[in-house]
Amino acid sequence: MTTAGVAAEHLEHALHDDRPFIRKYVFSTDHKIIGIQFLFLSLFFLLVGGVLAMVIRWQLGFPGKAMPLPGAWPSTMAPDGVVLPEFYTALVTMHGTFMVFFAIMPLLVGVFANYLIPLKIGAPDMAFPRLNMWSFWLMIPAGALMVAGFFVEGGAASSGWTGYAPLSANPEYTGATYGQQLWCLSLIVFALSSLLGSVNYITTVVNLRAPGMTWFRLPLSIWALFITAILALLAVPILAGALIMLLFDVVLHTNFFLPAGGGQPLMWQHLFWFFGHPEVYILILPAMGIASDLIANGSRKPIFGYHSMVYAICGIAFLGWVVWGHHMFQSGMNPRLGTTFMVSTMFIAVPSAIKVFNWMGTMWRGNIHFTTPMLNGIAFVAMFTIGGLSGIFMAATPADMYIHDTYYIVAHIHYVLFGGSLFAIFGGIYFWFPKMFGKMMSERLGKIHFALTFVAYNLTFFPMHILGIGGHMRRIYDPSQYEFLRPLQPMNEFISLSAFALFISQLPFIWNFFHSLFWGKKADINPWHDNGLEWTAPSPPPHGNFETTPTVYHGPYEFSRPDMEQDYLPQNQPLPAPQPVAH
Amino acid sequence: MQHWWFPTSASSYGAELDNLFVLILYITGAVFVIVEVGLLVFLVKYRKREGRKAEYIEGNTTAEIVWTTIPAVVCVFLGLFSQPLWSRIKDPARIPADAIPLEVTAKQFEWHFGYPGPDGQQGTADDYGKRNELHVVVNQNYRVRLQAEDVIHSFFIPVFRLKQDAVPGMQIMAWFRPTRTGQFELACAELCGLGHYRMRARVFVHTPEEFAAWQASQIAPTTPAASDTTASSGRTAR
């Protein structure tokens, strides 16, 4: 009842929304505006990370050759357009950092958790709207500190996105004194932002569900975002703690990770990956949830095995805590521990397989509409399958001995994070854009973007498996130094050209996004004929979301019921009168 | 096309590692084909057609049990199958007893190899060292004690299929037995700074006769300068 009271109060706000511009669109406490702010910010960082990747690929495809616009590059990075080795190590570090912490994670959690949770559970806003506002505004200094690394003496952090100590702990080893400090500070601020968000998402899902929205009527996107928030709440503080220790080593000359003073380099790896592996699931679980929603909608069918899907999300999240050692098989950690972590890692294949087969089961005997969101959802399943299967090779400790730290790993992570997460993100943007902005994106441009991206993406990342099998190490500035890698150079060149094509393939998306924002066709209240509560609110929903608190009568996947003409049934509409159905 | 596969193995356990990789490739390859072909079939067969409605199916418990059990069984099998090979390669207690000890020290951006000399013992007067060159005898077991002076490096000889990080403050043991004579390469596989990409050493697998001749040439000059043993010499400019 309290929820209804809050909603009514908010509705008044909605009706006479006299908040000044700055409270409405800048320092807004409205979860929808915050979600949209995260969208612009993280798409910007996605572009930054993409540009860095292009420079990396230039150097790997054409080592030592001058880049386009040779005069435009600062001499500390690329004199006459030729990338310097120290700039290269900064590039790989910052590409990973931006993509993981400032693009994929805020796209999934900042955008979709913020935008979708209150709307999909029938709440007027988040439980703590002001904390939510802080969560976004902390990302601005975090991002600014990270970008600042490029402009300080010594350049940006250069010890990899994993920041392995002692390379990261003593500035003498990389020369990036201030860059490494900024990296630590930025991620500490990021951790605070993430923490505020997580507290909010968890509280909101637990407390603000509309009447009738039981746990097993939640959409899988919300289940995934809820479990992800728990993972982030528990994992990100570990990163923050480790970063504070690292920062102390760098600035105050403590010796947490420096062996000369009695520190333990491997402790950094344990701390980083104890955070880092749950983090990997933070980056994929919401994508799985979004893809589930897109696939059920596109297939016009209930999710196959809804309960199994929920348990699989929980299973992956739980297993995520006991597999961190698989990043450390070759690190000098006791090899017996390697066996333990191999077995726990192998078990992740079980819930992952459950999910893949249930997505296929959802499409089976469906009536598949090839909308842009659905195409991206299908690509998610197809590409995540490859990323999941390639993970089994490195889970097997002896096979990992060879492919560890090679391009095989690079291929794997990009199949999961680009092929998996990013396709789901694109699908989610196409799907919820009409709700966010009240305008439709062009389906035609969306399909062109999808097709180009899908092809260029596979041409870029699939051959990386072959590089890895050839023994090509990660993070090397110039592969031509090694005789055994020289025969692979044509493939490196091919990958680089494909990567440039992949970058250019994003232009239709950028155009579509901004053009539709201003001149797109006006969106109906429920353009995809979906069942989620967000589709019962206007496009875009007003401050406070719903005119009256919705009552939920059933789960979110009531598509193509045999006892109904219409092939969907929003969650706020009662089921048709029950009648005995004979099979 | 040969370059699209592993460099030919040159160590005793290399072929077994490759076989494990191929076994996993068959298993995952089968799953890959089932999923991707199944997906394509569904996309074509169940594409949108006017006047047709999707079937209202909420799930199937038998199917769930099947596709939970099969991956679990396959994973347990793969774990059990991999474990003995892993222990044999990485368990320090199981390094062959007749292995010749080598001292390997990594630092930005070079490798130093300490050889035991003709007596086969480390820490004796006939020890000698060599920078960025690893010379070994074919079909002989070697035991490597890995150390790092500054940051973490990784000892990676692709043709031996051996990779082991060298961590400052730790002494980590690894072993190998070369099975093929020839010249190969050793790479640093862990990002260790701006010169990571050129932290390369050459690996020479000799016949016993060749090795004896090479060793004699290393020991013959009595001046220490020629043997290049000083750890700090030749530090690459950073």
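Biologist: What radius of gyration does chain B have, and what would a compact globule of 238 residues have?

Modeller: Keep in mind that this is a predicted model. Chain B comes out at 25 Å, whereas a compact globule of 238 residues would be near 18 Å. The spans along the principal axes fill in the picture: the C-alpha trace of chain B covers about 95 × 40 × 35 Å.

Biologist: Okay, and what share of the 238 residues in chain B is buried?

Modeller: That's 36%. As for contacts in chain B between residues at least 6 apart in sequence, 66% of them link residues at least 24 apart.

Biologist: Which elements does chain B run through from the N terminus on?

Modeller: Chain B starts with two helices, runs through ten strands and finishes with two more helices. That gives four helices and ten strands in total.

Biologist: How do I read a sheet in there?

Modeller: Generally, strands of a sheet pair through backbone hydrogen bonds, in either a parallel or an antiparallel way. In chain B, five strands make an open sheet, ordered β3-β2-β1-β5-β8, with mixed pairing. β3 (128-131) and β8 (172-176) of chain B are at the edges with a single partner strand each, so one side of each has no neighbour in the sheet. On average, neighbouring strands of this sheet are turned by 25° against each other, ignoring direction.

Biologist: In which sense do β5 and β8 of chain B pair?

Modeller: Antiparallel, over five bridges, with β5 of chain B covering residues 142-148. To find your place there, look for L146(B), which sits opposite I172(B) in β8(B).

Methods
Residues are numbered from 1 along each chain as its sequence is written. Chains are lettered from A and ligands numbered from 1 in the order in which they are written. This is a predicted model: local features need pLDDT of at least 70, side-chain atom pairs count only at pLDDT 80 or more; totals for chains, interfaces and linings use all residues. Two strands pair if DSSP finds at least two bridges between them. Axes are lines fitted to C-alpha atoms, for helices over the stretch in contact, and angles run from 0 to 180 degrees between N-to-C directions. The radius of gyration is taken over C-alpha atoms; the globule rule is 2.2 Å times the number of residues to the power 0.38. A residue is buried if 20 or more other C-beta atoms lie within 10 Å of its own, exposed if 12 or fewer, and partly exposed in between; C-beta atoms are placed from the backbone. Two residues are in contact if their C-beta atoms, placed from the backbone, lie within 7 Å.
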